[in-house]
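Welcome! Please take a moment to look over the sequence and the 3D structure, and then let us walk through some of their features together.

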Amino acid sequence: MSAMVGNQVIESVLQGGELELYMIIKILNYKINRANVANPGIRSATKVMMIYTFEVVKNPGYLLGNPSGLNEPPIVTPGIPVQAHQNRQPPFRQQPTQQIQQHGYHPTSAQQIQQQNSQNDVAYIQHRPQAAPTRAFNSDNEFNDTRSHGSPNLNSQSRTNEGTTIFPIDNLNPYQNKWIIRARVTQKSEMKHWHNARGQGKLFSFNLLDESGEIKATAFKEAADKFYDLIEENKVYEISKGKVVLAKKNFSNIDNEYEIHLEIDSVVTLRSEAEISVPNVQYNFVPLNKLMDYNKDSTIDVIGIVKEDQGSNEIISKTTQKAITKRELLLVDQTHFQVKVTMWGKLAETFDSSDLPVIAVKKIRVGDYQGRNLSLYGSSTLNVNPDIPEARQLRDWYRTLPSDETFQTYLGITGPNSSPSLPPAERKTVGQILDGNIGKGDKSEVFSVKATINFVKPESSFCYPACPSCNKKLIGASSEQWQCEKCNNTYPSPHYRYIFSFGVADHTGQMWISTFNDAAEQILGIDAGRLNQLRIDDNALFTKTFKAMNFKTYIFTCRAKSETYQETERIKYTLLQARSVDHIAEGRELLKMIKTYSF
């Protein structure tokens with residue numbers, strides 16, 4: 001088999017005199033590629049090994065055995081019968097032996113044997129037919145085979161209508177300078193700018209997919225300007241004259257040891273999908289009710305319907321201290337679960353949620369801030385209303401739902417072993433919560449309780465003016481100016497958020513629960529801004545809205561945490577989720593509990 005080594009291997013090994021003829025080496029890192037056949041009329045099964053790292057095992061000083069090529073077809077010369085080639089033997093190679101002589105054993109030296117073998121090699125080469133073809137690497141580091149018989153082997157390569165060879169992505173490596181790939185763009189980043197001591201510039205990157213695998217491509221400076229508008233997600237391109245380099249794994253999660261750098265002379269051509277076949281993005285969807293099976297910062301694929309768009313706003317990035325647009329959506333699927341999905345940057349600014357679209361996201365990140373949630377990031381791929389069976393099934397299912405359909409949420413559920421709704425056997429009663437010292441200690445505890453709201457006191461402090469970026473309380477500088485001391489920003493109007501307490505009771509006792517914005521909206525069914533305006537415009541209706549909370553039973557998921565107030569330790573119970581009681585499901589769970597008892 002033919003093999004190539006890179007310049008770094010040549011410099012580190014050959015210059016040190018560590019690699020010699022007939023050495024035995026152990027190859028540690030390599031890749032096998034098909035030889036690039038220069039003549040279309042040739043059939044070549046030749047493979048080339050790209051050696052990246054190796055170590056020397058032994059140097060016997062002579063050739064061991066009688067090695068032959070790996071899967072090499074015989075070389076056929078015109079005018080010489082095939083049988084003659086098959087019968088022709090390689091030069092005889094003498095092995096180190098002990099020759100028996102009259103006066104005992106006298107070993108033949110390895111140097112003498114090597115000299116004799118070299119003479120045999122010369123004699124063999126001189127007597128080989130001169131018309132036999134040769135194999136060599138051209139100036140572009142491509143393996144050329146000049147045999148003139150047979151037909152091309154295109155198992156790992158294909159050709160365009162113009163006869164150009166298309167390379168599979170998984171065959172690319174830094175030792176090939178002349179290649180063309182045909183692939184689909186699955187994800188494209190925004191244009192990014194950098195400034196450092198060495199200068200400034202811009203770049204953008206995109207991911208490419210073909211039948212053999214994926215690879216990341218990045219364009220810098222002038223090349224970024226040249227190709228940014230040309231590259232579009234889900235389109236197919238032919239790309240050539242790029243530079244294949246080792247991938248920087250801290251900037252990519254693509255499963256490929258290489259990536260492509262586009263230069264100003266690189267060629268990118270849009271191709272029509274009517275003429276070619278390139279695979280689409282392949283998904284492995286996770287149902288929304290299975291998010292607890294994945295740890296924080298895991299990446300998964302999901303599909304769902306945008307039930308609600310909660311709008312966009314600007315926040316200050318903690319890392320760059322620059323404003324960035326954020327948009328939050330509520331996504332639902334057939335499991336009757338909903339989860340909050342966050343978009344960032346330009347995508348958050350331009351996303352159109354009209355007509356409740358189906359979205360499929362590849363490589364979305366799992367988070368646990370205030371409960372399980374999902375967030376798109378640089379490597380995520382968003383597809384709106386994809387033409388796939390899962391999307392059609394999802395839309396047909398959603399059309400059959402009543403307008404007041406409710407969904408379970410992950411609000412406040414953060415741990416991988418937590419459950420959005422505990423069965424009756426695992427819930428606590430109010431008496432057990434108060435008497436069991438739940439939440440007393442350094443760590444908070446999460447529990448569920450089935451209880452009825454029995455007291456709500458509407459007060460002027462049921463909400464507060466919040467900063468749209470960080471949710472901290474705004475200070476009213478004037479009637480038309482509100483200032484955030486944390487963000488140091490001013491706003492013409494605040495974003496109101498709930499903060500109040502209410503009493504709940506069951507057959508064992510009564511307790512007070514504090515609630516904040518998201519959980520309070522679940523109970524009241526109206527956002528804090530609208531309710532605050534109602535207090536000004538129609539106080540009677542405002543009071544009626546609060547009193548409507550009374551005597552309603554929910555399954556509350558709460559967090560208990562010990563805190564010190566005015567040198568007195570107390571346990572505070574904060575509402576994370578309020579779920580309406582499903583009486584059919586509750587009845588089934590109670591039947592299961594009854595069956596566990598023996599009478």
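Which residue lies over the face of Tyr228? Lys188 does, at 3.8 Å from the ring centre. A second case is Arg365, which lies over the face of Tyr377 at 4.1 Å from the ring centre. A charge counts as sitting over a ring if NZ of Lys or CZ of Arg is within 6 Å of the ring centre and within 35 degrees of the ring normal.

Before going on, please note that this is a predicted model, in which local features need pLDDT of at least 70 and side-chain atom pairs count only at pLDDT 80 or more, while totals for chains, interfaces and linings use all residues. Residues are numbered from 1 along each chain as its sequence is written, and side-chain values use heavy atoms, with hydrogens and water left out.

**Strands and sheets**

Strands of a sheet pair through backbone hydrogen bonds, either parallel or antiparallel. Helices (H or I, at least four residues) and strands (E, at least two) are DSSP runs, numbered from the N terminus. Two strands pair if DSSP finds at least two bridges between them.

Look for an open sheet made of 3 strands in the order β26-β27-β28, with antiparallel pairing. β26 (475-476) and β28 (489-491) stand at its edges with a single partner strand each, so one side of each has no neighbour in the sheet. Strand β27 (residues 482-484) is joined to β28 by 3 bridges, and Trp482 stands opposite Tyr491 in β28.

Further along are strand β29 (residues 495-506) and strand β30 (residues 509-516), which run antiparallel and are joined by 8 bridges. Together β29 and β30 form a hairpin, with 2 residues between them. Phe500 has Thr515 in β30 as its bridge partner.

**Aromatic rings**

Phe500 also takes part in ring contacts. A pair of aromatic rings is described by the distance of the centres and the angle of the planes. Rings of Phe, Tyr and Trp (its six-membered ring) pair if their centres lie within 6.5 Å; planes under 30 degrees apart count as stacked, over 60 as edge-to-face and the rest as tilted.

The whole structure holds 17 aromatic pairs. One of them joins Phe462 and Tyr498, a tilted pair with 6.2 Å centre to centre and 45° between the planes. Phe462 lies in the loop between β24 (445-456) and β25 (463-466) and Tyr498 in strand β29, so this pair ties together parts that are 36 residues apart in sequence. Phe462 is buried at a relative accessible area of 1%, and Tyr498 is buried at 0%. Here, buried means under 20% relative accessible area, exposed means over 50%, and partly exposed is in between (1.4 Å probe, protein chains only).

Phe500 and Phe502 form another tilted pair, at 6.3 Å centre to centre and 50° between the planes. Both Phe500 and Phe502 are buried. These four belong to one aromatic cluster, made of Phe462, Tyr498, Phe500, Phe502, Phe542, Phe546, Tyr554 and Phe556.

**Salt bridges**

A salt bridge is a side-chain nitrogen of Lys or Arg within 4 Å of a carboxyl oxygen of Asp or Glu. By this rule there are 17 salt bridges, including the three in the table.

| Salt bridge | Closest N and O atoms |
|---|---|
| Arg182 and Glu238 | 2.9 Å |
| Lys362 and Asp301 | 3.3 Å |
| Arg427 and Glu586 | 2.6 Å |

In the salt bridge of Arg182 and Glu238, Arg182 in strand β10 (residues 180-188) and Glu238 in strand β14 (residues 236-240) are 56 residues apart. Arg182 and Glu238 are both buried.

Lys362 lies in strand β21 (residues 358-367) and Asp301 in strand β18 (residues 299-316), so their salt bridge ties together parts that are 61 residues apart in sequence. Lys362 is buried with a relative accessible area of 17%, and Asp301 is buried at 6% relative accessibility.

Arg427 lies in the loop between α6 (389-399) and α7 (430-435) and Glu586 in helix α11 (residues 583-596), so this pair ties together parts that are 159 residues apart in sequence. Arg427 is buried, with a relative accessible area of 12%, and Glu586 is buried at 9%.

Salt bridges also link Lys326, Glu328, Lys340 and Asp518 in a network.
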